[in-house]
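The following exercises concern a single protein chain and are to be worked with the sequence and the model in view. Each task is followed by a solution in steps.

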Amino acid sequence: MYEGLVYESYAIRVRDYHRPMRPDGPPLGLQLAMTSKSVGRAFNSALAENGGSIPIWLILNALESESRRTQLDLARAVGIEGPTLTRHLDGMEQSGLVERRRGTPDRRAVQVELTAAGHDLHGRLLQAVIGFNQQLRAGLSAEDVDTLRRLLDQLQANVSSGGRA
């Protein structure tokens, strides 16, 4: 009796569903999420081979572009929450990559800047980033890359607007 109700309920849902369940492959969101994880792991691995990680790269790169930043500004620039950034900066400071100082005009603000070792690591990681980017673009034309960027921007807009494009 129960099995019949489950089957009937399923049959009604399937019948009332006007579009095919999988018209052209797996759901786009799932494929994108799995690709993102795979690319992210490979990128992190390329950085790790050179003594870094994605968060370290983001921090070093932000500090390379603007030599001295407050922790709050740095957190906003790299998209890392304050407590998480503090943990990363603690490790980077212990490794001699960054220095933190209290701000002169505002003693509450902590200024972060790269050390010579931080600049050196940034240079090594930059080479890893360039190499990884070349690997990622293998087999893609410039037009393919432009199309991919446009499509990714559209997907971002779609989820940002709640699906209303």
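**Exercise 1. Two loop residues and a helix residue**

Where is the place of glutamate 66? State also how accessible this residue is, and do likewise for threonine 115 and glycine 29.

Solution. The model is a predicted one, in which local features need pLDDT of at least 70, side-chain atom pairs count only at pLDDT 80 or more, and totals for chains, interfaces and linings use all residues. Residues are numbered from 1 along each chain as its sequence is written, and side-chain values use heavy atoms, with hydrogens and water left out.

Step 1. Glutamate 66 lies in the loop between H3 and strand E1 (68-70); helices (H or I, at least four residues) and strands (E, at least two) are DSSP runs, numbered from the N terminus. Its relative accessibility is 37%, so glutamate 66 counts as partly exposed. Here buried means under 20% relative accessible area, exposed over 50%, and partly exposed in between (1.4 Å probe, protein chains only). The C-alpha atom of glutamate 66 is separated by 9.8 Å from that of leucine 114, 48 residues apart along the chain.

Step 2. Threonine 115 occupies the loop between strand E3 (110-114) and H6. With 14% relative accessibility, threonine 115 counts as buried. Leaving aside neighbours within four places in sequence, threonine 115 is in contact (heavy atoms within 4.5 Å) with Gly96, Leu97, Val98 and Glu99.

Step 3. Glycine 29 belongs to helix H2 and, at a relative accessible area of 52%, is exposed. Between the C-alpha atoms of glycine 29 and leucine 155, 126 residues apart along the chain, the separation is 9.3 Å.

**Exercise 2. The chain as a whole**

Give the secondary structure of the protein and the share of its residues that is buried.

Solution. Step 1. The protein has seven helices and three strands, which follow the pattern α-α-α-β-α-α-β-β-α-α along the sequence.

Step 2. Of the 165 residues, 23% are buried. Among contacts with a separation of 6 or more, 48% are between residues 24 or more positions apart.

**Exercise 3. Helix H6 against H3 and H2**

Describe how H6 crosses H3, and then how H6 crosses H2.

Solution. Two packed helices are described by the angle between their axes and the distance between the axes.

Step 1. The axes of H3 (residues 54-65) and H6 (residues 116-136) come within 10 Å and cross at roughly 115 degrees. Axes are lines fitted to C-alpha atoms, for helices over the stretch in contact, and angles run from 0 to 180 degrees between N-to-C directions. H3 and H6 are therefore roughly perpendicular to each other, a class that covers 65 to 115 degrees, with under 35 roughly parallel, over 145 roughly antiparallel and the rest oblique.

Step 2. Residues including Trp57 and Leu60 of H3 and Leu121 and Leu125 of H6 make the contact. By class, seven of the contact residues are nonpolar, four polar and one charged. Ala, Val, Leu, Ile, Met, Phe, Trp, Tyr, Cys and Pro count as nonpolar, Asp, Glu, Lys and Arg as charged, and the others, Gly among them, as polar.

Step 3. H2 and H6 have axes that come within 9 Å and cross at roughly 145 degrees. On the H2 side, Val39, Ala42, Phe43, Ala46 and Leu47 make the contact; on the H6 side, Leu125, Ala128, Val129, Phe132 and Leu136 do. This contact has 10 nonpolar, no polar and no charged residues.

**Exercise 4. The aromatic pair**

Identify the aromatic pair and assess the burial of its members.

Solution. Step 1. Rings of Phe, Tyr and Trp (its six-membered ring) pair if their centres lie within 6.5 Å; planes under 30 degrees apart count as stacked, over 60 as edge-to-face and the rest as tilted. The count by this rule is one aromatic pair. Phenylalanine 43 and phenylalanine 132 form this tilted pair, at 5.2 Å centre to centre and 40 degrees between the planes.

Step 2. Phenylalanine 43 is in helix H2 (residues 28-48) and phenylalanine 132 in helix H6, 89 residues apart.

Step 3. Phenylalanine 43 counts as buried at 17% relative accessibility, and phenylalanine 132 counts as buried at 8%.
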